[in-house]
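Here is a guided walk through one protein model. Keep the sequence and the 3D view side by side as you read.

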Amino acid sequence: MILVGIGPGNLKYASFEAIETIKNSKKVLAFRRIGEKIKHLNKVEYINKLDDLLNYGDEYTLVVSGDPLLYSALDYLTRQKVKIEKVVPSISSFQYMLGRIQKSWNEAVILSFHGRDIDITGIKRPGLTVVFTDSTNTPNKLSRLLYEEGYKGKIYVGFNLSYDDEVILEREIGDYIENISDLSLAVLEVCG
């Protein structure tokens, strides 16, 4: 299997190698949101969950959003002992977001609350923390929880990053943040 990441969603952020790999693959698998973006490159078979991959042979390319090496499919596939021939990353959504808000990630902490319980103990204080969020662990829930625990600073939230309907908000920790989309990422800039 070949594992390809196409970046935050808009194909202009996918690496040249990622695009070429998709075009030249015999079989391409993807979740529907990503498959709709790449179907002009090659025929795509849609999957609904990662467990679906176990029904396919080794001669396919799995295309995912973001960076397949960061809180993505590589960990799951490795645990399932799926033979991976090659991994082709593209820009991560957090790299895209930090570029948009012009923040360096040299000393940033990267966490994921996507499909996981919120554990604020890993949040850098003071400092920058990038947090992958989801429909349950929303940026608003995170903002409120941090405020209740005495955190102060800014929270930047990116919704639908790289898409035409992208929204990036800057708020204070504790402020209400409307959940514009489940495709979101928060960057916390916590004060001392």
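The residues lining the second largest pocket divide into three nonpolar, three polar and five charged. The model is a predicted one. This second largest pocket holds about 180 Å³ of space. Its lining includes Met-1 and Ile-2. Asn-24, Ser-25 and Lys-26 are also among the lining residues. So are Asp-58, Glu-59, Tyr-60 and Thr-61. Lys-83 and Glu-85 complete the list.

Now turn to the largest pocket. It encloses about 910 Å³ of space. A total of 31 residues line it. Closest to its centre are Arg-33, Ser-65, Tyr-71, Ser-72 and His-114. Four elements each give two or more residues to this lining: helix 2 (32–38), strand 4 (61–64), helix 3 (73–79) and strand 10 (184–190). By class, the lining of the largest pocket has 14 nonpolar, 12 polar and five charged residues.

Tyr-71 deserves a second look. This residue is found in the loop between strand 4 and helix 3. Most residues other than glycine have a negative phi. Tyr-71 is not a glycine, yet its phi is positive, about 45°. Its relative accessibility is 36%, so Tyr-71 counts as partly exposed.

Next come the sheets. One is an open sheet of five strands in the order 3-2-4-1-5, with parallel pairing. Which strands stand at its edges? They are strand 3 (44–47) and strand 5 (86–88). Each has a single partner strand, so one side of each is left without a neighbour in the sheet. On average, neighbouring strands here are turned by 25° against each other, direction ignored.

Strand 1 is a good place to study this sheet. It spans residues 2–5 and runs parallel to strand 5, joined to it by three bridges. Ile-2 has Lys-86 in strand 5 as its bridge partner. Leu-3 stands opposite Val-87 of strand 5. Strand 1 also pairs with strand 4, in the parallel sense, over four bridges. There, Gly-5 stands opposite Val-64 of strand 4.

Where do the residues of strand 1 point? Ile-2 and Val-4 point one way, while Leu-3 and Gly-5 point the other way. All four residues are buried. Ile-2 also appears in the lining of the second largest pocket.

A helix accompanies this sheet. Helix 1 (residues 16–24) lies across strand 1, strand 2 (28–31), strand 4 and strand 5. Helix 1 runs at about 130° to strand 1.

Move on to another sheet. It too is open and has five strands, in the order 6-7-10-8-9, but its pairing is mixed. Strand 6 (109–112) and strand 9 (167–172) stand at the edges. Each of these has a single partner strand, so one side of each is left without a neighbour in the sheet. Neighbouring strands of this sheet are turned by 20° against each other on average, direction ignored.

Look at one pair within it. Strand 8 (residues 153–159) pairs with strand 9 in the antiparallel sense, over six bridges. Val-157 stands opposite Leu-169, which belongs to strand 9.

Which helix lies across the strands of this sheet? Helix 4 (residues 93–101) does: it lies across strand 6, strand 7 (127–132), strand 8, strand 9 and strand 10. Helix 4 runs at about 55° to strand 10.

The loop between helix 4 and strand 6 holds Gln-102. Gln-102 has a positive phi of about 55°, although it is not a glycine. At 71% relative accessibility, Gln-102 counts as exposed, because exposed means over 50%.

Follow the chain to the loop between strand 6 and strand 7. Pro-126 is found there. Most peptide bonds are trans. The bond from Arg-125 to Pro-126 is cis, with omega near -5°.

One last stop is helix 5 (residues 139–148), where Arg-144 is found. Is Arg-144 exposed or partly exposed? With a relative accessibility of 44%, it counts as partly exposed. Arg-144 and Ile-177 are 33 residues apart in sequence. In space, C-alpha to C-alpha, Arg-144 and Ile-177 are 9.2 Å apart.

Methods. Residues are numbered from 1 along each chain as its sequence is written. This is a predicted model: local features need pLDDT of at least 70, side-chain atom pairs count only at pLDDT 80 or more; totals for chains, interfaces and linings use all residues. Side-chain values use heavy atoms; hydrogens and water are left out. On a 1 Å grid over the protein atoms alone, a cavity is a set of points where a 1.4 Å probe fits but cannot get out, and a pocket is an open set with protein on both sides within 12 Å along at least five of seven lines; lining residues have an atom within 4 Å of a point. Grid points are joined across faces, edges and corners, and a volume is the space filled by probe spheres set on the points. Ala, Val, Leu, Ile, Met, Phe, Trp, Tyr, Cys and Pro count as nonpolar, Asp, Glu, Lys and Arg as charged, and the others, Gly among them, as polar. Two strands pair if DSSP finds at least two bridges between them. Axes are lines fitted to C-alpha atoms, for helices over the stretch in contact, and angles run from 0 to 180 degrees between N-to-C directions. Contact means heavy atoms within 4.5 Å. Buried means under 20% relative accessible area, exposed over 50%, partly exposed in between (1.4 Å probe, protein chains only).
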